[in-house]
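Okay, thanks for coming, everyone. I'll put the model up on the screen and walk you through it piece by piece.

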Amino acid sequence: MTGQPTPKPWIAAIHAYVPGKSRGADGRKLVKLSANENPLGTSPAALAARADATEPSLYPDPDSTALREALGALHGIDPARIVCGTGSGELLTIAASAFAGPGDEVLYVRYGFSLYDIAARRCGATPVVAPDADYGTDVDALLALVTDKTRVVFVANPNNPTGSYLPKRELARLHAGLPSGTLLVLDQAYAEYVAPEEDDGGIELAAHHGNVLVTRTFSKAYGLAGERVGWATGAPALIELLNRIRGPFNINNGAQAVTVAALADQDFVIRSRAHNRAERARFVAAVEALGNHGLRALPSEANFVLVLFEGALGAEAAHDGLAARGYATRWLPGQGLAQGLRITIGTGDQMNDIAAILRELAEKAR
Ligand SMILES: Cc1ncc(COP(=O)(O)O)c(C=O)c1O
């Protein structure tokens, strides 16, 4: 073929986002515990609203007005300080491109969410990766790497894929150490799984400082990953800027209706959090019982656990063994985590099954 256009070198250097698998190598459908989806499904009230969604021949409300008002009412935020995105992924990406470009730096921790690398490279900025502290976010390590070129700092809290969580005072310390011209993007995709009394104070930080953007999603505790809706809050000037560069009509009719109904059903979110907390604790205890086989569950505040394999059974063999028994989990060698397997918290039966399979595999590997 002749006459192909040349991509920008920073775009050519991007590795595409790798989504969680739902099929085995042989094409068999697997139970999907690889994408941190909600095992309880979706609120019935939200599903009912989906059926009533308006006219597909008409464009949706470009400003997602009813959704922003419902979010504002629930979280005590002026709707003018809220922008919606096609998943929080859209907002993370445009936040980086609004402030960073070639010659600038975008900072985040090692073992952070893989989209941050794509978001940084997509706008031509240089990704800078800070070391972790036993797989967790290390505030001092991040602050030590801030330079006059740092335009954006991404922190997921809880973090994916490690599940680690920075408490409120540590997050405040990170923010206090950043120059006012550096944007702190606090990605709270898993915030609804955190007990309200352990809230990290991110929304409050975003209410009082012009350089904090908090992003959230309907993909996890709300069980609406397929609808692709996220939102962000920050200073009005920040939101106005993101509104200029987000996709027009970025939330479709059905998704607007479904998410408004989902917000009204907080019982579903509370049930999701309670289920996750109980099953995660049970699963972590089951993994800890395999400690003599070198398995270690990292403490998690999210709806998944990163299990480390430091004995005879390796993470790849565990991943393959679970796939052979019908379960898709997330092995992440591309993120420097060849020793880890991220397992989404599923139903009680699924977690019993996973724990039993891991025990069998570990005992065989000795
Ligand atoms: C930390 C984190 N942030 C953001 C997202 C993006 O989610 P969505 O685009 O579905 O809102 C995910 C999805 O897995 C995530 O783990």
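Let's start with one residue: is Ser272 buried or exposed? With a relative accessibility of 2%, Ser272 counts as buried. You'll find Ser272 in helix H11, which covers residues 266-288. Setting aside neighbours within four places in sequence, Ser272 is in contact with Asn38, Leu40, Tyr193 and Ala221.

One caution before I go on: what you're looking at is a predicted model.

Now the overall picture. The protein has 13 helices and 13 strands. Its radius of gyration is 21 Å, close to the 21 Å that the globule rule gives for 366 residues, so the protein is as compact as a globular protein of that length. If you box up the C-alpha atoms along the principal axes, you get roughly 60 × 60 × 50 Å. Of those 366 residues, 54% count as buried. As for contacts with a separation of 6 or more, 73% of them join residues 24 or more positions apart. On the outside, the protein exposes about 15,700 Å², and carbon and sulfur atoms supply 54% of that.

On to the ligand, which I suspect is what you came for. There are 14 residues around it, and the closest are Ser88, Asp187, Tyr190, Thr217 and Ser219. By type, the shell splits into five nonpolar, six polar and three charged residues.

What does the side chain of Asp187 offer the ligand? An N or O atom of that side chain sits 2.6 Å from a nitrogen atom of the ligand. Ser219 has a polar side-chain atom 2.6 Å from a ligand oxygen. And for Arg228, an N or O atom in the side chain is 2.8 Å from an oxygen atom of the ligand. Taken alone, the ligand would expose 390 Å², and the protein buries 92% of that.

Which helix gives the largest share of that shell? That's H4, residues 87-99, with four residues. Of the 13 residues in H4, 10 are buried, so this helix is largely enclosed by the rest of the structure. The buried ones include Ser88, Glu90 and Leu91, and Ser88 is also among the residues closest to the ligand.

Next, a loop I'd like you to zoom in on. Asn159 is in the loop between strand E5 (150-156) and helix H7 (168-177). Pro158 lies in that loop, and the peptide bond leading into Pro158 from Asn157 is cis, with omega near -5°. Pro161 is found there too, and the bond from Asn160 to Pro161 is cis as well, with omega near 15°.

Asn159 itself counts as buried, at 2% relative accessibility. Not counting residues up to four places away in sequence, Asn159 touches Tyr111, Gly112, Phe113, Ser164 and Phe304. With Tyr111 there's a polar pair: the backbone oxygen of Tyr111 lies 2.7 Å from a polar atom of the Asn159 side chain.

That brings us to backbone angles. Tyr111 isn't a glycine, but it has a positive phi of about 60°. Its place is the loop between strand E3 (105-109) and helix H5 (115-122), and Tyr111 is buried, with a relative accessible area of 10%. Asn36 is another non-glycine with a positive phi, in this case about 55°. Asn36 is in the loop between strand E1 (31-32) and helix H2 (44-51), and at 1% relative accessibility Asn36 counts as buried.

That's my tour. Happy to take questions.

Terms used
Residues numbered from 1 in each chain as written. Predicted model: local features only at pLDDT ≥ 70, side-chain atom pairs only at ≥ 80, totals over all residues. Heavy atoms only, no water. Near = heavy atom within 4 Å. Polar contact = N/O pair within 3.5 Å; in protein donor to acceptor, adjacent residues only side chain to side chain. Areas by Shrake-Rupley, 256 points an atom, 1.4 Å probe, with all protein chains shown as cover. Helix = DSSP H or I, 4+ residues; strand = E, 2+ residues; numbered from the N terminus. Nonpolar A, V, L, I, M, F, W, Y, C, P; charged D, E, K, R; others polar. Rg over C-alpha atoms; globule rule 2.2 N^0.38 Å. Buried < 20%, exposed > 50% of the residue type's maximum accessible area, 1.4 Å probe, protein only. Contact = heavy atoms within 4.5 Å.
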